Amino acid sequence: MDKSILYTGKEMAEYYVKYRPTYNTKLFETIVEFYERDKGQLCNFDLAVDVGCGPGQSTLPLAKYFNHVIGVDISTEMLAHAPKDVDRVEFKLGVGEDLHFLQDESVDLITAGAAFHWLDHGKFNNEVKRVLKPGGVLAVYCYRFPTIEKDAGNEALLEYQKKLSQCWMLDTYKMEELYGRLPHPFACETRKYDGVDMTREVTVTEFVGLLLSFHDWWLYKKDNPHADDIQKLQARLEEIFYEENSVMKLTYPFGLVIGRKPL
Ligand SMILES: C[S@@+](CC[C@H](N)C(=O)[O-])C[C@H]1O[C@@H](n2cnc3c(N)ncnc32)[C@H](O)[C@@H]1O
């Protein structure tokens, strides 16, 4: 699978930062509670590393709990949208599979939000085992295409997804299922975590912006330069939701897998 096109588009990164959902505080509270529950003696809220950080959706909230947070991402375009000069937070261009700038047993928590599925798991998991302190935690989580409250809206979305599925780089749209089987390095809790509220209300225009932040549209467009499926979907949704600015209620499926390096 050629992943070089992932998140390297300037336009896609702009849509990403504007229209992707952020996570609510419950997610970070859940992760921190797990970390704290049986943390090792060396674990002291010193350093968290957020891999595949993008513009920093998880990196910034972690600074509430950890003394120092490093966001790492492979994409210059995504990092260009990360905030600069935030106290105790830094962003680095790099890959999750090579964390050479981190010493052995130096990290308390590693997170990967909507990014674990893109990594080379053998290499990444070896780095995780190396850099985490004993008792440190790896938390990976993801959401995927939301469902729309009105059935007719959902049907239109499914039709669009079906059309684009030829360009979807993973073998399933069911992220909870995928996250259940990806190789996490430690014995872990796997759950479709319902405590994190992933319902959002958006206008049709915002929803289309969200779709433009997913790579599959851009891959599809590369192969089909004249494709107008997204415009057609927008027109259908505007009919269903009556006018451009009426609100659509979305629910994103969400999964969290969390595990601890043995003491
Ligand atoms: C869907 S975005 C997630 C961004 C953010 N963490 C969030 O939760 O919204 C996936 C991110 O993973 C990054 N990425 C993909 N492969 C990577 C790798 N091997 N190492 C580091 N980052 C990677 C992409 O550039 C992109 O910013």
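Of the 263 residues in the protein chain, 35% count as buried. The model is predicted. Start with the overall build. The protein chain holds 10 helices and 10 strands. Its radius of gyration is 19 Å, close to the 18 Å that the globule rule gives for 263 residues, so the chain is as compact as a globular protein of that length. Along the principal axes, the C-alpha trace spans about 60 × 35 × 35 Å. Now take contacts between residues at least 6 apart in sequence: 78% of them join residues at least 24 apart.

Next, the interior. In soluble globular proteins, nonpolar side chains tend to be buried together. Here the largest nonpolar core has 48 residues. Within that core, Val49, Leu109, Ile110, Ala139 and Val140 touch the most other members. Which strand supplies the largest share of this core? Strand E5, residues 132-143, does, with seven residues. Val49 deserves a closer look. Leaving aside neighbours within four places in sequence, Val49 is in contact with Ile70, Val72, Leu102, Val107 and Ile110. Another core lies apart from the largest one. This other core has 15 residues, among them Leu157, Phe207, Trp217 and Leu250.

Turn to the helices. An α-helix has 3.6 residues a turn, so residues three or four places apart point the same way. Look at helix H1, residues 10-19, where Met12, Ala13 and Tyr16 are buried. These three cover an arc of only 100 degrees around the axis, which puts them on the same side of H1. On the other side of H1, Lys10 and Glu11 are exposed. What do the buried residues of H1 pack against? Their partners are helix H4 (76-79) and helix H9 (215-223).

Helix H5 spans residues 121-131. In H5, Phe124, Glu127, Val128 and Val131 are buried. Seen down the axis, the buried residues of H5 fall within an arc of 105 degrees, so they line one face of the helix. Strands E4 and E5 are what these buried residues pack against. E5 also supplies the largest share of the 48-residue core.

Some pairs link distant parts of the sequence. One involves Val128 of H5. The partner is Asp98, found in the loop between E3 and E4. Asp98 and Val128 are 30 residues apart along the chain, and their C-alpha atoms are separated by 9.7 Å. Val128 is buried. Is Asp98 buried or exposed? With 12 C-beta neighbours inside 10 Å, Asp98 counts as exposed. A second pair joins Glu206 and Tyr19, which are 187 residues apart in sequence. From C-alpha to C-alpha, Glu206 and Tyr19 are 6.4 Å apart in space. Glu206 sits in helix H8, residues 204-211. Glu206 is partly exposed, because 16 other C-beta atoms lie within 10 Å.

Now check the backbone. Most residues other than glycine have a negative phi, and most peptide bonds are trans. Arg88 has a positive phi of about 70 degrees although it is not a glycine. Where is Arg88 placed? Arg88 is in the loop between H4 and strand E3 (89-93). With 11 C-beta neighbours inside 10 Å, Arg88 counts as exposed.

Ala114 has a positive phi too, of about 55 degrees, although it is not a glycine. The loop that holds Ala114 runs between strand E4 (107-113) and helix H5. Ala114 has 19 C-beta neighbours inside 10 Å, so it counts as partly exposed. The cut-off for a buried residue is 20 or more. Leaving aside neighbours within four places in sequence, Ala114 is in contact with Cys142 and Tyr143. Lys129 is another matter. Ala114 and Lys129 are 15 residues apart in sequence and 20 Å apart in space, C-alpha to C-alpha.

Finish at the ligand. How many residues surround the ligand? There are 22, and the closest are Tyr7, Gly52, Gly54, Ser75 and Gly113. Gly113 belongs to strand E4, residues 107-113. By type, the shell around the ligand divides into 12 nonpolar, seven polar and three charged residues.

Terms used
Residues numbered from 1 in each chain as written. Predicted model: local features only at pLDDT ≥ 70, side-chain atom pairs only at ≥ 80, totals over all residues. Core = buried A, V, L, I, M, F, W, Y, C linked by C-beta atoms within 7 Å. Helix = DSSP H or I, 4+ residues; strand = E, 2+ residues; numbered from the N terminus. Contact = placed C-beta atoms within 7 Å. Arc of directions from axis to C-beta. Near = placed C-beta within 6 Å. Nonpolar A, V, L, I, M, F, W, Y, C, P; charged D, E, K, R; others polar. Rg over C-alpha atoms; globule rule 2.2 N^0.38 Å.
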